[in-house]
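Here is a friendly walk through one protein model, written for someone who likes to look at the atoms while reading. Keep the viewer open and follow along.

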Amino acid sequence: MIITDGDELVSLVLMRWHHRLVLFATRCLLGVQARRAAARPVHSRAAASANKWVSLVTWNLLAPCFVSPSKYPWAGTQALDWQHRHERILSQLARLDADVVCLQEVERASWDRLNADFHELGYDSVLQQSTSNVENPIANVVLLRRGQLELVRAESRSRALITVLQAAGASDEGLAEGEEARLYLANVHFEAGADKAAQRQFQLNSLLKRLVFQRSLDVAAASGRPRALAPSSDASGAPIVIAGDFNCDRRSPLYTFLSEGVAADETKQTPSSAQVLLPLTDAYSSAPPPWGSAQPHRIPSIDHPSDHMPLGALISWAGAPVEVSGQRPAWQQLYVENVIRGDNNFVSG
């Protein structure tokens, strides 16, 4: 799932979709169906017109510790072999060539080798740290294209990795006025299970509160009041992306809560300060993805190394780095102007 917030944030759905991965974009764009586009008005053209695009991909890798022939009886031995899947994962990431990658189910036992390989692909990495005495065998990871974006700070939660990002070499100038210089990215992997809805909602509530806090830290510090946070005003309009595996679909109360700002019974304790981030808009809300059925495919397979498919977007915000000239991969060349025509209220060019 990718969720975004911020008046000047633009998001474009481009990649394959899995039934548990949903893309959101607040007060922005869009949806694509049958090779056509449906979009919402975007309040700012500045970032888009300056070619300040950042490509983002999210992918649950399927940790080796969760793989068994009985769970995936259609997949042969080679398809489930971690060495084979490791190589296919790297190959896929190289082809996607995204500026930011959010990974879930990265097995800590395999991390050293994976990290070295990610470095060879041109990424700096941020690994979710354990938040309890018993270390989780899996973690979330954020990969950042070296020289494009840099990490300001990170916060590890039990089910999320929050990273505050800015363009490489950028300053905090303008934060005091609420400008959107930094991107607040949360990579999540919420609790799985049909009976875990309340736990997922609790995890989301906690995450929203921490995102508000992270944004408030920046604005308050830039305003000369580092000890006097004003969450409701400081967090308003912040560029926020929540990406990952929410383990729910559009029928869930969690989805309603995100997309409408309406709390189900189990969300009554949602911190009021977190409401400043809601509602969020599902980028697929106006249409399903154009690449076919939303039903799960028979994966993993020889060609697809995980039981999830990657999902991607092009995003832009006021502080996004100016795009480096060069040929983007095919999926990243579907710019907004390629799918939106003839309405001055929509982003173009």
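## Around helix H3

Right after H3 comes aspartate 97, and its phi is positive, near 50 degrees. At the other end of the helix, aspartate 81 acts as the N-terminal cap: one of its side-chain oxygens lies 3.2 Å from the backbone nitrogen of glutamine 83. Do keep in mind that this is a predicted model.

How far apart should the ends of H3 be? The helix covers residues 82-96, and at 1.5 Å a residue its 15 residues should span 21 Å; the end C-alpha atoms are 21 Å apart, so the two values agree. The buried residues of H3 are His84, Arg85, His86, Ile89, Leu90, Gln92, Leu93 and Leu96. A general point helps when reading such a list: an α-helix has 3.6 residues a turn, so residues three or four places apart point the same way. The partners against which the buried residues of H3 pack are strands E5 (54-60), E6 (100-107) and E7 (123-127), together with helices H2 (77-80) and H4 (111-120).

## Serine 110 and alanine 139

Serine 110 sits in the loop between E6 and H4. Is serine 110 buried or exposed? Its relative accessibility is 13%, so it counts as buried, the cut-off being under 20%. Setting aside neighbours within four places in sequence, serine 110 is in contact with Pro64 and Trp82.

Alanine 139 belongs to strand E8 (residues 138-145) and is buried too, at 2% relative accessibility. If residues up to four places away in sequence are not counted, alanine 139 touches Leu103, Gln104, Glu105, Val106, Arg108, Leu127 and Gln128. From alanine 139 to tryptophan 111 the C-alpha to C-alpha distance is 9.4 Å, with their positions 28 residues apart in sequence.

## Aromatic rings

There are three aromatic pairs in the structure. Take tyrosine 72 and tryptophan 74: their ring centres are 5.7 Å apart and their planes meet at 85 degrees, so this pair is edge-to-face. Tyrosine 72 is buried, with a relative accessible area of 4%, whereas tryptophan 74, at 33%, counts as partly exposed.

Another pair is formed by phenylalanine 190 and phenylalanine 246, with ring centres 5.0 Å apart and planes at 55 degrees, so the pair is tilted. This pair links distant parts of the chain, 56 residues apart: phenylalanine 190 is in the loop between strand E11 (183-189) and helix H5 (197-222), and phenylalanine 246 is in the loop between strand E12 (240-245) and helix H7 (253-260). Phenylalanine 190 is buried at 0% relative accessibility, and phenylalanine 246 is buried with a relative accessible area of 0%.

A charge also meets a ring here: arginine 145 lies over the face of tyrosine 123, at 4.4 Å from the ring centre.

## Helix H5 and the whole chain

H5 is built from 26 residues and reaches 38 Å from its first C-alpha to its last, close to the 38 Å expected at 1.5 Å a residue. Just after H5, glycine 224 has a positive phi of about 80 degrees.

Stepping back, the protein chain has eight helices and 13 strands. Of its 349 residues, 53% count as buried. Among contacts with a separation of 6 or more, 72% are between residues 24 or more positions apart. The chain exposes about 14,800 Å², and carbon and sulfur atoms supply 49% of that area.

Technical notes:
Residues numbered from 1 in each chain as written. Predicted model: local features only at pLDDT ≥ 70, side-chain atom pairs only at ≥ 80, totals over all residues. Heavy atoms only, no water. Phe/Tyr/Trp six-rings, centres within 6.5 Å; stacked < 30°, edge-to-face > 60°. Buried < 20%, exposed > 50% of the residue type's maximum accessible area, 1.4 Å probe, protein only. Helix = DSSP H or I, 4+ residues; strand = E, 2+ residues; numbered from the N terminus. Lys NZ or Arg CZ within 6 Å of the ring centre and 35° of its normal. Contact = heavy atoms within 4.5 Å. Areas by Shrake-Rupley, 256 points an atom, 1.4 Å probe, with all protein chains shown as cover. Expected span 1.5 Å × (residues − 1). Polar contact = N/O pair within 3.5 Å; in protein donor to acceptor, adjacent residues only side chain to side chain.
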